[in-house]
Amino acid sequence: MYLCLSRKLRHKQRVIILAAALIVIILILQFISHWAVSSPAECMLEKQLSNGKPTTDLPVEVTRLFVNFTTTVSTSTVAVTPPISLPDGQDTVDYIAEYLDVRFEVCENTPHQSIQTITITNRGLAVVMSGDWQIYFNHLYKMMHETGGVPKEGHVINGSGFRLFHVKGSLYRIQPESGSYLPLFPSDTRVLKLLGNYQQIAKSDSFPNWYVTSLNAEPRILQCTLSQSLDFVSDFNQSKQWRRDAGDQNDPYTAGVRFSIHAKLFRDLRRPGNLVLPTPMESDVEVITALTIIPKEWVIVSNTEFKSEAKFLSEHCPIPFSYSFPKKRYIYLTKRPSNMNFSSEEYILTVEPASEIIQVFAEEKAGAFYGVQTILSLLQKIDTNKWVIPKAQIRDKPRFPYRGIQLDVSRNFHSKETILKLLDTMAMYKLNKLHFHLSDDEGWRLEIPGLEELTQIGSRRCHDLSEKSCLLPQHGSGPDTDTSGSGFYTASDYREILMYAKRRHIQVIPEFDVPGHSRAAVKSMEGRYKKFSPLDEESAEEYLLTEWADKSQYSTAQSYDDGVINVCIESTYTFLQHLIASVKEIHKEVQPLDTVHIGGDEIAAGVWQKSPACQTLTKARNVSDYKFYFMNRVIKLLRDQGLGAGVWEDGIIPKDVYPYDLKELTDKHNSKEILAYAWNNIWEYGRSSRAITLANAGYKVVMASATHMYLDHPYEPDPQERGLYWATRFIDTHKIFGFIPLHLFLNADVTGRGQSLANTSQQQMGCLQQDTCVLKSPENIIGLEGNLWTETIRTQEHLESMTFPRLLATAERAWHKAPWEDLLNDQERRLSLEADWVKFSNTLGYRELRRLDDMGVKYRVPPPGAIIVNNELVVNCLYPGLDIEYSSDGGKNWSTAKGDLRQRKGRTVKVYTNRNILVRTVSADGQRYSRVISVNINKDI
């Protein structure tokens, strides 16, 4: 009996051990599957290649990890629960949104395309069956373009069981393919191979808020794609991922490379290089002779004309405004001496400690205001009730009358409060133009009385395939209207912005981009037509921008085929006339409208070719250049309202070089000028001379050069850095600081792929003839602006980090002409530029970044450079004065690098470790940090 019982016990033990072993095997398989999906180090395509599976025809990777089995152990049962089946509709949509894990990965870039994968894994306990569910996502660049694009019927992704569709613009969708889709069991994975038209080399090329929906179900965002940090996008770990082709020389900076770059520019003065930014024309400041101010003992007074500027000063410092004139201890704003000639923005500031008097002399209100800004820059708080300002004699005026920033609020909307904060920082640095890009394909952002559909439809993005209530989701806006894809300024909001700008002597130049980049307006007016056509066809067509019979086929750079206004129908001009009159009326009582920017850029090939209205116009009036016809008519509409026009360069250049004759677009009886914004100067494309050509042709030119002035491009050539890179791989603060507006070709440095242009002739870059390479009319270059397009900029923090501190370098070049700009000898110019940069960078690090901190501006904190030499960690930063921290325990503890300062290199710290060291830069106020950088103890030496 004992032996029998013993055998039974041993048998039971063996069964239990066998069951436990099976469970362990299952858990191991699940872990391996999870690791295979989540591991960022190796592309899923490469995994399949290593298994002998071709990348051109990816099979379904189906691994059944939840197996239905039962093992009997005496009277006990060990069971694994079978997968759950889901009903079609909302339950499936909700499950997919919660449990489907998506990972997007760029596997490799080639000269003509980008090879990418979408890896989908079921993380839940249910089976995802085929059905009518669809996943929508935004993708910046065209997909499958090299094979003719995604056909209307979609593209079957080989071996995956999915079909890809292009919806509109950046919006794509994938859905199960009937007949080839296999059920997605728990822990199952599918790999979808995609081809992109353009090389994708940055994480920010991807967008958040992928969403799933099905017939009669509410759309839901895939939870794994919610984060603005784009955690579902795999890291770029290999050069074939971050380089576009074999000729691309751009690599992410290592800690050591960044250290070397900084070391060439670095010198720590241990103080600000300048006390006033932008640099004054003439300045004599004696820091050692300071005037102490106890605010309650001082007053601000002014003449009648400068009262508003005096009150502005009082509101921004603790000294009260007064109508009484004391004998001393006052700040006085008054008109210039009668024996001096001043321009409208010129001022003189005197600070006299001996007499305890501070005076600002100006001819006009703008000059007085800039004198006020200089006072606020010089004034320093040293105690609760005590301030100091150095003895100073400053005479100052700007080099250019146009100093601005272009802000796109169409791609992603930014609040009124964000705009007001931007205006404050613009005023600090004496910028005077807000070029306000209020419309584009993706959104209309200003309320226009009488055309309510522009904001009822055109200001909203959501999942409505009919687009009756909103535009389609773009740039990661998702299926709902509560993201940055939706929003607009009411007329009241806009007037508040105008009032705020006016007080800061900033002119708001609204832009409504026509006839291209107009899809928001086109769809809004189509919505208006459909609403009114059952009642009154004539009224419904009054503002229509579409000709229904036009069968022209085109595709814009942004992948739209229905977003260009028809320029040959009369209702287009009725719409524009109403728009211009309405905006003028909104401006009227606050800041009278002077100029409207009408866009004119990137009109796609093929538009209007099959338009019956255009064909009729050609026969009746012999019109062959429809772009000129449109521009001429719109500029005349503006001229009739007493307004000037702003136009992007390609709106007035019919081909690659020469613009339209200015006389054909202007009226000798109207003094309003046409502002030409020169932007497309990509050196290797041979179009770099357009700004020169426009100026020589008589246009007033605003330099918006994409290679130097586009603030939507990254600061560094790193996949982790936000931004586009079509004009150049990166634009850092130093590059903007070194821009030379009046010697355009001196700015040619490298191609977008990082290849030197030192041996490239000006002819190859677009200087075809004498009048396209020699600036004969420099007086027609009236200024420059930084341009912030917002395809990848969804939050206020994104906006501020991309704008600052680069906007300070923009302000410096727009206001102050540096002596080195006219040095034609490369070596002399470089040495002089570097000396000037040392002053500027120390001004940022020791002064201006803290002022931005005090305003709550989240500027980009630059990552440090670092090397290890003989057990010494040497660190430096682009802006001297910012602290740098290091960690030798993987980031658990951080210490400030306070070692000896090596004047031309950086700060040194003794370290003893066999692990990589982490370093980061600290913001001026100590509250924020840069990206964390790893210092490789074997390489960064």
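**Exercise 1: a salt-bridge network**

Task: In this predicted model, find which residues are linked with Glu-467 and Arg-519 in a network of salt bridges.

Solution: Start with the pair itself. The side chains of Glu-467 and Arg-519 meet in a salt bridge, 2.6 Å from N to O. Next, place the two partners on the chain: Glu-467 sits in the loop between H9 and helix H10 (491-503), while Arg-519 belongs to helix H11, so to speak a link between distant parts of the chain, 52 residues apart. Both Glu-467 and Arg-519 are buried. Now widen the view: the network also takes in Lys-168, Lys-523, Glu-526, Asp-561 and Asp-562.

**Exercise 2: another pair involving H11**

Task: Work out which helices are tied together by the salt bridge between Glu-453 and Lys-531, and decide whether each partner is buried or partly exposed.

Solution: First the contact: the closest N and O atoms of Glu-453 and Lys-531 are 2.7 Å apart. Glu-453 lies in helix H9 (residues 453-456) and Lys-531 in helix H11 (residues 519-532), so the bridge ties together parts that are 78 residues apart in sequence. Then check the cover. Glu-453 has 3% relative accessibility, so it counts as buried. Lys-531, at 43%, counts as partly exposed.

**Exercise 3: Arg-403 and its partner**

Task: Locate the salt-bridge partner of Arg-403 and say where in the chain both residues sit.

Solution: By the distance rule, the model has 51 salt bridges. In one of them, Arg-403 joins Glu-345, with the closest N and O atoms 2.9 Å apart. Arg-403 is in strand E21 (residues 402-408), and Glu-345 is in the loop between strand E16 (330-335) and strand E17 (347-352), 58 residues away. Buried means under 20% relative accessible area. Arg-403 comes in at 0%, so it is buried, and Glu-345 is buried too, at 11%.

**Exercise 4: edges of a sheet**

Task: Which strands stand at the edges of the open six-stranded sheet?

Solution: Write down the order, E8-E9-E10-E7-E12-E13, with antiparallel pairing. Strand E8 (155-157) and strand E13 (220-221) each have a single partner strand, so one side of each is left without a neighbour in the sheet. For E13, the partner is E12 (residues 211-213), paired over two bridges. Within that pairing, Tyr-211 stands opposite Ile-221 in E13.

**Exercise 5: a charged patch**

Task: Name the residues that gather with Glu-537 in a surface patch of negative charge.

Solution: The others are Asp-536, Glu-538, Glu-541 and Glu-542. Glu-537 itself is part of helix H12 (residues 537-540). Its relative accessibility is 35%, so Glu-537 counts as partly exposed.

Notes:
Residues are numbered from 1 along each chain as its sequence is written. This is a predicted model: local features need pLDDT of at least 70, side-chain atom pairs count only at pLDDT 80 or more; totals for chains, interfaces and linings use all residues. Side-chain values use heavy atoms; hydrogens and water are left out. Patches are made of residues with over 30% relative accessible area and no salt bridge: like charges are joined within 9 Å, nonpolar side chains (Val, Leu, Ile, Met, Phe, Trp, Tyr) within 5 Å. Accessible areas come from the Shrake-Rupley method with a 1.4 Å probe; for residues, only the protein chains shown count as cover. A salt bridge is a side-chain nitrogen of Lys or Arg within 4 Å of a carboxyl oxygen of Asp or Glu. Lys and Arg count as positive and Asp and Glu as negative; His and the chain ends are not counted. The place of a charge is taken as NZ of Lys, CZ of Arg, CG of Asp or CD of Glu. Helices (H or I, at least four residues) and strands (E, at least two) are DSSP runs, numbered from the N terminus. Buried means under 20% relative accessible area, exposed over 50%, partly exposed in between (1.4 Å probe, protein chains only). Two strands pair if DSSP finds at least two bridges between them.
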